[in-house]
Amino acid sequence: MTTVADRSVPEVDAIRHHYEVSNDFYRLLLGPTMMYSGGYWEEGEGLTQALDEAQERKLDRFVELAGAAGAGRVLDIGCGWGTMLNRATSVHGVREGVGLTLSRTQERFVASLDNPRITARVESWEDHVADEPYDAAFCINALEHFVSSELPPRERAKKFRVFFQKVAANLRPGARLVLHTMTAEALPMNRRLLDDLKFLQRSEFENCHIPHLHELTGGAEGLFDVVEIVNERESFAVACRAWLELLAARRDEAVALEGEEVVARFERYLDIFAYTLEDRFFNNFRITVARR
Ligand SMILES: C[S@@+](CC[C@H](N)C(=O)[O-])C[C@H]1O[C@@H](n2cnc3c(N)ncnc32)[C@H](O)[C@@H]1O
């Protein structure tokens with residue numbers, strides 16, 4: 001049976017366009033923790049100086065919320081470079097971590113971490129069937145890629161429902177899912193924002209749909225109990241600003257690795273995410289749910 005990851009379909013190509021830029025470039029952009037999502041900075045901390053601590057604080061809090069410390073098996077849907085699984089197994093006593101990604105360069109990076117307790121699979125969440133149920137799951141700033149903006153609202157709602165059904169089927173009863181995701185509420189239609197959204201849709205994250213909160217709560221209804229929903233908009237805006245600073249400081253090296261066009265694309269999209277979060281066009285919700 002061919003899986004989503006085997007096919008050269010526009011959604012997979014769009015993910016690889018962004019996530020198969022070299023690991024060296026991403027290390028320069030994201031710093032040693034290689035987390036590509038919001039972090040928890042404390043009052044007065046420097047953006048880049050405290051980037052690693054901010055990311056680790058976030059990971060530790062997520063493990064706590066998921067009740068994952070000492071767990072047998074955890075799943076990370078959209079696992080990036082494996083940092084969550086690496087920390088969960090090496091600091092929090094998790095026995096085994098499985099990560100899903102569509103990026104082949106991320107899979108190779110995770111293998112190079114040489115942690116026998118974790119595996120990244122090039123597999124879409126749609127195709128993943130657990131051999132035995134997981135004790136906890138994470139999905140950290142990845143859901144934004146899972147449902148195409150080309151779909152009409154009713155079809156999008158169905159796809160979000162399928163996402164929660166799949167996760168529920170892979171979790172033991174009572175196990176928790178901790179999600180971090182941007183959401184879009186009512187967007188004002190000014191010209192700059194329209195131009196920037198067009199750039200995101202056409203050039204960087206083709207057909208990516210930033211969900212509405214109601215699509216997520218609707219999708220989870222009856223399958224999960226909602227434990228907590230918190231808007232952490234700043235956590236992602238600050239991370240985007242920190243990555244922009246790191247990129248500016250080593251711009252020449254970044255251009256030598258990937259070329260001017262790629263670097264300029266990243267600068268533009270990171271600035272768009274930073275200001276749209278700061279100006280409250282987008283949110284970044286942390287949603288914790290428990291499987292019924
Ligand atoms: C912004 S990165 C976040 C990575 C990681 N969670 C972190 O916080 O650093 C989004 C991740 O979602 C993955 N992804 C996108 N579409 C996917 C799909 N259909 N199935 C599994 N993973 C997917 C990408 O490959 C990438 O690893």
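**Calls and Cut-offs**

Student: Why is Arg7 called partly exposed?

Tutor: Arg7 has a relative accessible area of 38%. Buried needs under 20%, and exposed needs over 50%. The value 38% lies in between, so Arg7 counts as partly exposed. Bear in mind that this model is predicted.

Student: Where is Arg7, and what does it touch?

Tutor: Arg7 is in the segment before H1. With residues up to four places away in sequence left out, Arg7 touches Thr2 and Val12. Val12 is itself one of the buried residues of helix H1, residues 10–19. The others are Ala14, Ile15, Arg16, His18 and Tyr19.

Student: What do the buried residues of H1 pack against?

Tutor: Their partners are H2, helix H5 (104–112), strand E3 (118–122), helix H7 (191–204) and H11.

Student: How many aromatic pairs are there in the whole structure?

Tutor: The search finds 19.

Student: Take Phe25 and Phe266. Why is that pair called edge-to-face?

Tutor: Their ring centres are 5.0 Å apart, and a pair needs centres within 6.5 Å. Their planes meet at 70°. Edge-to-face needs over 60, so the label holds.

Student: What makes the Phe25 and Phe266 pair a tie between parts apart in sequence?

Tutor: Phe25 lies in helix H2, residues 23–30. Phe266 lies in helix H11, residues 260–278. The parts are 241 residues apart in sequence, so the pair ties them together.

Student: Are Phe25 and Phe266 buried or exposed?

Tutor: Phe25 has a relative accessible area of 0%, and Phe266 also comes out at 0%. Buried means under 20%, so both qualify.

Student: Why is the pair of Phe236 and Phe273 called tilted?

Tutor: Their centres are 6.4 Å apart, which is within the 6.5 Å limit. The planes are at 55°. That is neither under 30 nor over 60, so the pair is tilted. Phe236 is in helix H9 (residues 233–249) and Phe273 in helix H11, so the pair ties together parts 37 residues apart in sequence. Phe236 and Phe273 are both buried.

Student: Which aromatic cluster holds these four rings?

Tutor: One cluster takes in Tyr19, Phe25, Tyr26, Tyr36, Trp81, Phe236, Trp243, Phe266, Tyr269 and Phe273.

Student: What makes Arg73 count as a charge over the ring of Tyr134?

Tutor: The charged end of Arg73 is 4.5 Å from the ring centre. The distance limit is 6 Å, so Arg73 meets it. The angle to the ring normal must also be within 35 degrees. Arg192 lies over the face of Tyr275, at 3.8 Å from the ring centre.

Student: How do you know that the length of helix H6 agrees with expectation?

Tutor: H6 runs over residues 153–170, which makes 18 residues. The rule takes 1.5 Å times one less than that number. The expected span is 26 Å and the end C-alpha atoms are 26 Å apart, so the two agree.

Student: Which residues of H6 are buried, and what covers them?

Tutor: Arg156, Phe160, Phe163, Phe164, Val167, Ala168 and Asn170 are buried. The cover includes strand E1 (73–77), strand E4 (134–140) and helix H8 (213–220).

Student: Why is Arg286 called buried?

Tutor: Its relative accessible area is 6%. That is under 20%, so Arg286 is buried. Arg286 is in strand E7.

Student: What makes Arg286 and Glu228 a polar contact?

Tutor: Their side chains come to 2.9 Å. The cut-off is 3.5 Å, so the distance passes. Arg286 also joins the side chain of Glu232, at 3.1 Å.

Student: What is notable about phi in Asp114 and Asn141?

Tutor: Phi is near 60° in Asp114 and near 45° in Asn141. Both values are positive, in residues other than glycine. Most residues other than glycine have a negative phi.

Student: Are Asp114 and Asn141 buried or exposed?

Tutor: Asp114 is at 67%, over the 50% line, so it counts as exposed. Asn141 is at 8%, under 20%, so it is buried. Asp114 sits in the loop between H5 and E3, and Asn141 in the loop between E4 and H6.

Student: Which residues come nearest the ligand?

Tutor: Of the 21 around it, Tyr36, Ser37, Gly78, Thr101 and Gln106 come nearest. A polar side-chain atom of Gln106 is 2.7 Å from a ligand oxygen atom.

How values were computed
Residues are numbered from 1 along each chain as its sequence is written. This is a predicted model: local features need pLDDT of at least 70, side-chain atom pairs count only at pLDDT 80 or more; totals for chains, interfaces and linings use all residues. Side-chain values use heavy atoms; hydrogens and water are left out. Rings of Phe, Tyr and Trp (its six-membered ring) pair if their centres lie within 6.5 Å; planes under 30 degrees apart count as stacked, over 60 as edge-to-face and the rest as tilted. Helices (H or I, at least four residues) and strands (E, at least two) are DSSP runs, numbered from the N terminus. Buried means under 20% relative accessible area, exposed over 50%, partly exposed in between (1.4 Å probe, protein chains only). Contact means heavy atoms within 4.5 Å. A residue is near a molecule or strand if one of its heavy atoms lies within 4 Å of it. A polar contact is a pair of N or O atoms within 3.5 Å; within protein, one must be able to donate a hydrogen and the other to accept it, and residues adjacent in sequence count only if both atoms are side-chain atoms.
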